[in-house]
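Please read the following walk through a protein model with the sequence and coordinates open beside it, taking each region in turn.

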Amino acid sequence: MGRAVTVATCALNQWALDFEGNLERIFRSIDIAKSKGARYRLGPELEICGYGCSDHYYESDTLLHSFQVLAKLLESPATRDIICDVGMPVLHRNVRYNCRVIFLNKKILLIRPKISLANGGNYRELRWFTPWSKARHVEEYFLPRIIQEVTGQETVPFGDAVLATKDTCLGAEICEELWAPNSPHIEMGLDGVEIFTNSSGSHHVLRKAHARVDLVNSATAKNGGIYILANQKGCDGDRLYYDGCAMISMNGETVAQGSQFSLDDVEVLVATLDLEDVRSYRAEISSRNLAASKVNPYPRVKVNFALSCPDDVAVPTCMPIQWRHHSPEEEISLGPACWLWDYLRRSKQAGFLLPLSGGIDSSATACIVYSMCHQVCLAVKNGNADVLADARRIVNDETYIPEDPREFCKRVFTTCYMASENSSQDTCNRAKLLAEQIGSYHINLNIDAAVKAVVGIFSVVTGRSPRFSVYGGSSRESLALQNVQARIRMVLAYLFAQLTLWARGMPGGLLVLGSANVDESLRGYLTKYDCSSADINPIGGISKTDLKNFIQYCIENFQLTALRSIMSAPPTAELEPLVDGQVAQTDETDMGMTYAELSVYGKLRKIAKAGPYSMFCKLISMWKEICTPREVASKVKHFFRMYSVNRHKMTTLTPSYHAENYSPDDNRFDLRPFLYNTSWSWQFRCIDKQVNAL
């Protein structure tokens, strides 16, 4: 009867400007889709060039190479008898668009430009592309010669149209259009479109996956239909991790779910669904049918092809499933670990080096690397040949098979405890025990000689010797002495990263990992160019609260008992002298605020868009049980003074895994001045006036 359609969607680990690798992964996804009987294959947004090309979109080379890849796809026998939907930039009448190119059997059926561009947070699509603003309008697109020679077509339809096959009707959305209040699937569904497709470039944020799933399911819950979502996965060259989660939904329920985190470069979901289920679902929604009778029709591109077979009565169809969401702790364990693996293999380095202080932040970073080693061993065990080849190249052993995470960790991960006269034996022991349990190659060293040499140069030049405040020095002297220690650790970290493997008779260099969390960066509680300065930072977008919960998760799931004492110890920088051999300096005392308070300030500042006065107004209500308005005012003022005094540090912040929407990353996400009037005189007067009134 032609009711059961078989469709495929995929999550691909594409890499910006890696045209050869991107083409190979697209071909693999098409081969898998065809082998499972699919008649339609959907890929991620801008999959041909990779989503994260940024200003390379301005270059004519990017357009040229995208069309060259498209020509390879069109002429290949692998793409016969399956509708292929691929993403690439297209220049139409000298305007650059983010497009889907849909083709079948060497013929382009439609080029569909993106209508709603993503332009908030990490996204800058309006910088490179123009949205298609002509609703339900189609123009002729004149194909470049390299495509004409393959297809025999001079022009193809370009614009806002849908495809009408022999058995159904398909309409495309592109990423942001699903999130828009006036999503195209609403009107398309009213106009009889039964299958909606969405090619996405959607990145991971903690606790975000459910929002995407809910949007997809709700798209067909009210209107009926089949919704197919493809997404980018992996690190394609910057701070974001695209988290897959390809899915297929019908009539408001999920029928196929892809993985959110995995080391597989190509993942394909295939589902067989009954079109009559869509039609019967819609039949009883009278409000939908009344609206459909008045809808403006979409231009239809007729396709002499069917997604179903004539004799499909006995073909089994997919049933609804329950979506499984990861806990935030699982997300921290898996997302940054996959990001680190992509960065390591694509940078062609031999491993990581981490200054391991024995505190929560550096220990959490070490646990993420250990989780990465777990993921690599698991992928190899499951037969992932790509991961095995990458692991062998990284360790420089063509016969190596990673089977034990601790043994693999020993090969690719170096930890280094850098003691000073202000370090306690407790933190040294904690770092050493954790290194033993995860299997890292661990180094203990002392930085006192280097610190004394640097301070000695200053003393020779000026004739003055700075002292810590506990020894009678000023706060300026004490802070400078703390900063010298911190910065020497950064210099030594890079020295050991470059030469440790050389000293051990092994090839290659190591990437330096940073371990400043999102709350410390927001407050500026770090030394500029200390160990927060590194090549990459897997926890730079994660809050202290979430990191503590992640540490507890690692105790329970990885049996890392060394973390228990790390969890119970108060966070400390250990840069001031010990008192009776014990740490006297703690982070929260130094900062003048707790980490829990910092998370609240961060969310209000960035997500709620609150300046000092608005933050005060919100907090007098939120904290009315624990603080007077005057105390709230004092806390808000202190936060904004410290935030603005230290904002300049964000300009040199190490590229960090983006996991929180209140990240203070100055380079891509949180665009602010870095020279403030730190008195905030007008704003603080408004707060004072309100306090007095209250």
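In this predicted model, helix α22 (residues 612-622) packs with helix α23 (residues 629-645) at an angle of about 140 degrees, and their axes lie 9 Å apart. Because angles over 145 degrees would be needed to count as roughly antiparallel, α22 and α23 are therefore described as oblique to each other. The crossing in which α22 passes α23 is right-handed. On the side of α22, the contact is made by Pro612, Met615, Phe616, Leu619 and Ile620, while α23 supplies Pro629, Val632, Ala633, Val636, Phe639 and Phe640. By residue class, the contact of α22 with α23 holds 11 nonpolar residues, no polar ones and no charged ones.

A second region to follow is an open sheet of 4 strands, in which the order is β19-β18-β17-β20 and the pairing is parallel. The edges are taken by β19 (441-446) and β20 (511-512), each of which has a single partner strand, so that one side of each is left without a neighbour in the sheet. Within this arrangement, strand β18 (residues 413-419) runs parallel to β19 and is joined to it by 6 bridges, and Thr415 stands opposite His442 in β19. Helix α11 (residues 360-381) lies across β17 (352-355) and β18, and its direction is at about 160 degrees to that of β17.

Turning to the annotated part of the chain, an unreviewed UniProt entry lists residues 5-275 as "domain: CN hydrolase". Over residues 5-275, the chain is 25% helix and 34% strand, and the C-alpha atoms at the ends are 7 Å apart.

How values were computed
Residues numbered from 1 in each chain as written. Predicted model: local features only at pLDDT ≥ 70, side-chain atom pairs only at ≥ 80, totals over all residues. Heavy atoms only, no water. Axes fitted to C-alpha atoms, helices over the stretch in contact; angles between N-to-C directions. Helix = DSSP H or I, 4+ residues; strand = E, 2+ residues; numbered from the N terminus. Parallel < 35°, antiparallel > 145°, perpendicular 65-115°, else oblique. Left-handed = near helix turned anticlockwise from the far one by under 90°. Contact = heavy atoms within 4.5 Å. Nonpolar A, V, L, I, M, F, W, Y, C, P; charged D, E, K, R; others polar. UniProt positions renumbered as here; feature names shortened; annotations may be inferred. Pairing = 2+ DSSP bridges.
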